[in-house]
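User: I should like a close look at a single part of this protein chain, explained formally and at the level of a first-year student. Please begin with one place where helices meet and then set that place in its surroundings.

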Amino acid sequence: MTRQDEVRGFLTTRRARITPEQVGLTVLGGERRVPGLRREEVALLAGVSVDYYTRLERGRIRGASDSVLDSLARALRLTAAERDHLFALARGHTASAPRRVAAARRVRASVQRILDALGVPAVAQNPRQDLIAANELGRALYVTPFDSTDQPPNLARFVFLDPRAQAFYPNWNLACRITAAALRAEAVRTPLDPALTALIDDLGTESPVFREVWAHHEVRAHHTGLRQLRHPVVGDLSLAFEVLDVQADQGLSIVVHSAGPTTPTAAGLVHLSRWAAESRQASASDAETVRT
């Protein structure tokens, strides 16, 4: 998909989700031929001419001023992540600082020590959603994705191509939407990353669900939130997560999971810790048996 196609799809889907009533416009009689707002209504709300907005929606967005983009974001009620996406489409990077591609397939020793020092499940991932490192609890939490032929395992491939994902994520449809939305935002930020392009192409070829979700042009940024998982050993978990950027390795993030005290998930994490320790001891015992 070209950048013009991306702009066209993004703007048309954003205006299609908003009704005139939501933005205080009076709807006159007669049948409306388009869902959501018409082009002229978006132009009115953004304070630009209909011809100019039409050019923007057709993909001719380069050169648009910050004030026009901000007005358009307000008119379409874009989220912060969607606004950044709009600026990235127009400028080739986010409204904040641009990011380079993180091609790392492993973390530095000091980052691994930080992971290991955390008493909660933690994983390190790059913008392509490769799981490139974890502490013991993190590897135990994501035991199903880590049990993959891909090395490092990739969460997007797992979500869309591994049938076990539908059991691992209780709300698998939401996981699909979130995963595709994160990939779309990253694809615009780093359009020259061949590995990311290949990943999106593979998913589009192999997964009808991905093709359907991708067509919605959703964009999301998830720095904190609640993650629902159904672990094959300890059952349902409701985990708060925080995404911490590693400043020395742009694009590398540490995702830390936690649970409130006295909650069922906290008890589940205690069970998970015991199971992880038992699995480690069993693996060490098996390795010793092989050596002898």
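Analyst:
**The meeting of two helices and its surroundings**

In this predicted model, Arg 39, Glu 40, Val 42 and Ala 43 of helix α2 are in contact with Val 50, Tyr 53, Thr 54 and Glu 57 of helix α3. Sorted by class, the residues of this contact comprise 4 nonpolar, 1 polar and 3 charged.

Two packed helices are described by the angle between their axes and the distance between the axes. Helix α2 covers residues 39–46 and helix α3 covers residues 50–57. Their axes are 9 Å apart and form an angle of about 110°. Angles of 65 to 115 degrees count as roughly perpendicular, and α2 and α3 are therefore roughly perpendicular to each other.

These two helices also take part in covering another one. The buried residues of α4 are Val 68, Leu 69, Ser 71, Leu 72, Ala 73 and Ala 75. The cover over these buried residues includes α2 and α3, together with α1 (3–16) and α5. An α-helix has 3.6 residues a turn, so residues three or four places apart point the same way.

After α4 comes Arg 77, which is placed in the loop between α4 (66–75) and α5 (80–91). Most residues other than glycine have a negative phi. Arg 77, although not a glycine, has a positive phi of about 55°. Its relative accessibility is 47%, and Arg 77 therefore counts as partly exposed.

A second residue of this kind is found further along the chain. Thr 262 has a positive phi near 65° and is likewise not a glycine. Thr 262 is located in the loop between β5 (253–258) and α14 (264–291). With a relative accessible area of 81%, Thr 262 is exposed.

Strand β5, which precedes that loop, contains His 257. What surrounds this residue? Leaving out residues up to four places away in sequence, His 257 touches Val 120, Pro 121, Val 123, Leu 141, Tyr 142, Arg 227, Leu 239, Ala 240 and Phe 241. His 257 is buried, its relative accessible area being 0%. One of these partners is Leu 141; along the chain, His 257 and Leu 141 are 116 residues apart, whereas their C-alpha atoms are 9.5 Å apart in space.

Val 123 is a contact of His 257 and also a contact of Ala 134. Ala 134 belongs to strand β2 (residues 131–134). Beyond its neighbours within four places in sequence, Ala 134 is in contact with Gln 112, Leu 115, Asp 116, Ala 122, Val 123, Arg 139 and Phe 146. The relative accessible area of Ala 134 is 9%, and Ala 134 is buried. Asp 116 is 18 residues from Ala 134 in sequence, and the two C-alpha atoms are 7.8 Å apart.

Two further residues show how positions separated in sequence are placed in space. Val 188 is part of helix α11 (residues 172–189) and is buried, with a relative accessible area of 7%. Val 188 and Leu 89 are 99 residues apart in sequence, and 6.6 Å separates their C-alpha atoms. Ser 148, by contrast with the buried Val 188, is partly exposed at 23% relative accessible area. Ser 148 is in the loop between α8 (143–146) and α9 (155–161). The C-alpha atoms of Ser 148 and Asp 162 are 9.0 Å apart, and 14 residues separate the pair along the chain.

The chain as a whole gives the setting for these details. Its secondary structure amounts to 14 helices and 5 strands. Along the principal axes, the C-alpha atoms fill a box of roughly 80 × 35 × 35 Å. The chain has 292 residues, of which 43% count as buried. Its accessible surface is about 15200 Å², and 53% of this surface belongs to carbon and sulfur atoms. Of the contacts between residues at least 6 apart in sequence, 56% join residues at least 24 apart.

A final point concerns confidence in the prediction. The average pLDDT of the chain is 89, and 91% of the residues score at least 70. Over residues 93–102, however, the pLDDT is below 50; in the model this stretch has 28 contacts beyond near neighbours in sequence. Where pLDDT is low, the predicted coordinates should not be read in detail.

Note on methods: Residues numbered from 1 in each chain as written. Predicted model: local features only at pLDDT ≥ 70, side-chain atom pairs only at ≥ 80, totals over all residues. Heavy atoms only, no water. Axes fitted to C-alpha atoms, helices over the stretch in contact; angles between N-to-C directions. Helix = DSSP H or I, 4+ residues; strand = E, 2+ residues; numbered from the N terminus. Parallel < 35°, antiparallel > 145°, perpendicular 65-115°, else oblique. Contact = heavy atoms within 4.5 Å. Nonpolar A, V, L, I, M, F, W, Y, C, P; charged D, E, K, R; others polar. Buried < 20%, exposed > 50% of the residue type's maximum accessible area, 1.4 Å probe, protein only. Areas by Shrake-Rupley, 256 points an atom, 1.4 Å probe, with all protein chains shown as cover. pLDDT = per-residue confidence, 0-100.
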